[in-house]
Amino acid sequence: LFTHSNHSRDPAPLAPPSLPTEPPSPRRPKSRLGRLTLALMFLALGVAGFLDATAVLSPSAGDYAALVLAAVGTGLVIGAWWGRARALIPLGVVLVPVVLVASILPEGPSLAGGSGEVYERPASSAALEQEYRLGAGQLTVDLRDVVLAPGEVRALRVTVGFGEVTVVLPDSVTVVARADAGIGTVDLFGMRTGGLEPQLGGERTGSPFSGTLDLTARAGVGQVRVVRVAAGAPLHPFGDGLFGPGSEVF
């Protein structure tokens, strides 16, 4: 006898036909725009530095920052149509406030003149230069050995971009002095001020047998200090500077 069952096993479902797979899209090549922008930036800085070193121009620190910002901005504008330079955005964000701060200074701090700790002491009025400059660091101009002839008027300018300026004057010389800074502190003949664009002016009368020194001392960012000491008096460290006995200091 044969038995017949009405239940039969359902056939296994058929697998869907495999679709052709698309090959992975090739990786986009790295953009050269960022490197080209950096090359443009360094080229601009190099040209500006060469002109500064050869005294053709005297760009300030703000001018250097503006050059870098201009190169970054050029790269970002080009990147809107060609290439990718998203890595330049943080650099531009950092540079914007730097350029803004430098633009409000009365005279942007200059990096001309090198850097370090410089001590100048001319041995006579003939050796006295019209200007002493330092880009960054500490600049001291000691005029204790300078004697001006009666009626002689000499102009002197002492500047530092970032750092400290100290001018030591003999009390025998009549001095008309102006001292200022972009940001920092100014100490002139015992008077002190500080903050944004501090400036002081004053005059001190010396010997009637001596000439007059017209002094301008300036720092872009930092401290300016002008002191008077007895002619030939030795200086000694006191506090954060060099002073002589009987000097006019703060």
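The secondary structure of this chain comes to three helices and nine strands. Keep in mind that the model is predicted. Starting at the N terminus, the order is α-α-α, followed by β-β-β-β-β-β-β-β-β.

Some totals next. The chain has 250 residues, and 36% of them are buried. Among contacts with a separation of 6 or more, 63% are between residues 24 or more positions apart. The exposed surface is about 15000 Å², with 63% of it supplied by carbon and sulfur atoms.

Now the inside. Which residues have the most contacts inside the largest nonpolar core? They are Leu143, Val158, Val167, Leu169 and Leu215, in a core of 29 residues. At least two residues of this core come from each of strand E2 (131-142), strand E3 (153-170), strand E4 (174-188) and strand E7 (212-229).

Take Leu143 from that list. Leaving aside residues up to four places away in sequence, Leu143 touches Pro122, Leu128, Leu156, Val167, Val168, Leu169, Pro170 and Leu213.

Leu143 also turns up in the lining of the largest cavity. How many cavities of 30 Å³ or more are there? The count is one. The volume of the largest cavity is about 40 Å³. Along with Leu143, its lining consists of Leu128, Val146, Leu148, Leu169, Pro170, Val173 and Leu213. By class, that makes eight nonpolar residues, with no polar and no charged ones.

One last link between the two parts: Leu128, Leu169, Pro170 and Leu213 are among the residues that Leu143 touches, and these four line the largest cavity as well.

Key:
Residues numbered from 1 in each chain as written. Predicted model: local features only at pLDDT ≥ 70, side-chain atom pairs only at ≥ 80, totals over all residues. Heavy atoms only, no water. Helix = DSSP H or I, 4+ residues; strand = E, 2+ residues; numbered from the N terminus. Buried < 20%, exposed > 50% of the residue type's maximum accessible area, 1.4 Å probe, protein only. Contact = heavy atoms within 4.5 Å. Areas by Shrake-Rupley, 256 points an atom, 1.4 Å probe, with all protein chains shown as cover. 1 Å grid on protein atoms, 1.4 Å probe; cavity = no way out; pocket = protein on both sides within 12 Å on 5 of 7 lines; lining within 4 Å. Points joined across faces, edges and corners; volume = space filled by probe spheres on them. Nonpolar A, V, L, I, M, F, W, Y, C, P; charged D, E, K, R; others polar. Core = buried A, V, L, I, M, F, W, Y, C linked by side-chain atoms within 4.5 Å.
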